[in-house]
Amino acid sequence: MRAHPRGVLAGALVASLLAHLIVAALPQPPAVAPEPLPMLSATITEMPPPPAPVAKRATPKRKPPHAAPAAPVLAAPSTEPAPQSADAAVQPQPEPIPEAAPVVAAASTEEALPVAANDATPPPQLPPRIELAYRGFLGTQGFFIGDAVYRLEHADNQYSITTVGQARGLAALFFRGEGRLSSTGTITSAGLQPNLYTAERTNDGRHEVATFDWETGVVLLNDNKTAALEVPTFDPLAVLWQFYFAPPDQDEAEFNVATTRRVYHSRFRRVGVETVELPFGEVEAQVWERTGGDGNLTARVWLAPSLHHVMVKMRLSNGRITGEALLDSIRVDETVAQQ
């Protein structure tokens, strides 16, 4: 379980769910931990559709736009009356047409029916705060090791994702501490575009940051390192929600994921459909399998179209450790759930 930091961070290539649980669980000197995220009170079983984005995805290394050619100048039409010839000066006036008698419509023999009111209800709106709660397991036999809640908050095409993970059950006897991750950025027409990603361990005060500079095409990493920034690139939290905002339209998906230490490349392929048993019912999910990229991490991800392609299950393995995560609940504010 004492995985090398890079081996642990490699788990963030997919969604960081198990990775940050392991990072948080490493024994550290005792220290005061920050308060965890307050839990949203209501549980729902259906995901509302994502909000319609307005912003466009920024492109790294933009070139200055060329000056647009000047539009042709069109002469305005003259407002002066055209000169008339002498022959056209005098024209015979037409005789007035006698006014026709008003026509009275025949009374209808059918009963007039009132116009039916439009009873179509608008689609549900994405709450300003929504949480995905997952349970983490070691291996494939259901040995519970911890849980994590991923909270998404959004307003005006800006998003914020925050999570706090902690070892639970028997694992809490051997591993202490919490891991806290956050991501902020923009909701674009192509999904999420992160601007800042932070990772911290509460017990030793470690705080690492990745800053995405889309104008220059560079991501600033920990220890003053830099890496090229290409489209699409996500952070571990943004990739967890990416397909919710931009569902996959092909059988393959290829993207980069930037942690606080390096940028990983990965390629996934849709390999089938399976039914996943969740605490609130069964859902049909598309199975996506990692087929190539950096590192030796193998991964399978289950996305549920009925839940707007939210990840309902994930399996990660780096050759030594295999972990699974299962969606446990979807939570919103109580006032939102009552609407």
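## The Arg 300–Glu 289 salt bridge

Arg 300 is partly exposed, with 25% of relative accessible area. Glu 289 also counts as partly exposed, at 25% relative accessibility. Each value falls in the partly exposed class because that class lies between the limits of under 20% for buried and over 50% for exposed. The structure described here is a predicted model.

The side chains of Arg 300 and Glu 289 meet in a salt bridge, with an N to O distance of 2.9 Å. This pair links distant parts of the chain: Arg 300 belongs to strand β14 (residues 298-304) and Glu 289 to strand β13 (residues 281-293), with the two residues 11 apart.

## The Arg 261–Glu 208 salt bridge

A salt bridge also joins Arg 261 to Glu 208, whose closest N and O atoms are 2.9 Å apart. Here Arg 261 sits in the loop between β11 (252-258) and β12 (263-278), whereas Glu 208 lies in strand β7 (residues 206-213); the pair links distant parts of the chain, 53 residues apart.

The two partners fall in separate accessibility classes. Arg 261 is partly exposed, at a relative accessible area of 25%, while Glu 208 is buried, at 7%.

## Arg 331, Glu 131 and their network

Nine salt bridges are counted in the model. One of them connects Arg 331 with Glu 131, the closest N and O atoms being 3.8 Å apart. This contact links distant parts of the chain, as Arg 331 is in strand β16 (residues 322-332) and Glu 131 in strand β2 (residues 129-138), 200 residues apart.

Both partners are buried: Arg 331 has a relative accessibility of 12%, and Glu 131 has 1%. These values qualify because the buried class takes in residues under 20% relative accessible area. Glu 131 and Arg 331 are further joined with Arg 151 into one network, through salt bridges that share partners.

## The nonpolar core

The largest nonpolar core contains 62 residues, and those with the most contacts inside it are Met 47, Val 219, Trp 241, Val 312 and Leu 327. Helix α4 (residues 236-245) supplies the largest share of this core, namely eight residues.

Around Met 47, leaving aside its neighbours within four places in sequence, the contacts are Ile 130, Leu 132, Trp 241, Tyr 244, Leu 307, His 308, Val 310 and Ile 330. Trp 241 therefore appears both among these contacts of Met 47 and among the core residues with the most contacts.

Note on methods: Residues are numbered from 1 along each chain as its sequence is written. This is a predicted model: local features need pLDDT of at least 70, side-chain atom pairs count only at pLDDT 80 or more; totals for chains, interfaces and linings use all residues. Side-chain values use heavy atoms; hydrogens and water are left out. A nonpolar core is a set of buried Ala, Val, Leu, Ile, Met, Phe, Trp, Tyr and Cys residues joined through side-chain atoms within 4.5 Å. Buried means under 20% relative accessible area, exposed over 50%, partly exposed in between (1.4 Å probe, protein chains only). Helices (H or I, at least four residues) and strands (E, at least two) are DSSP runs, numbered from the N terminus. Contact means heavy atoms within 4.5 Å. A salt bridge is a side-chain nitrogen of Lys or Arg within 4 Å of a carboxyl oxygen of Asp or Glu.
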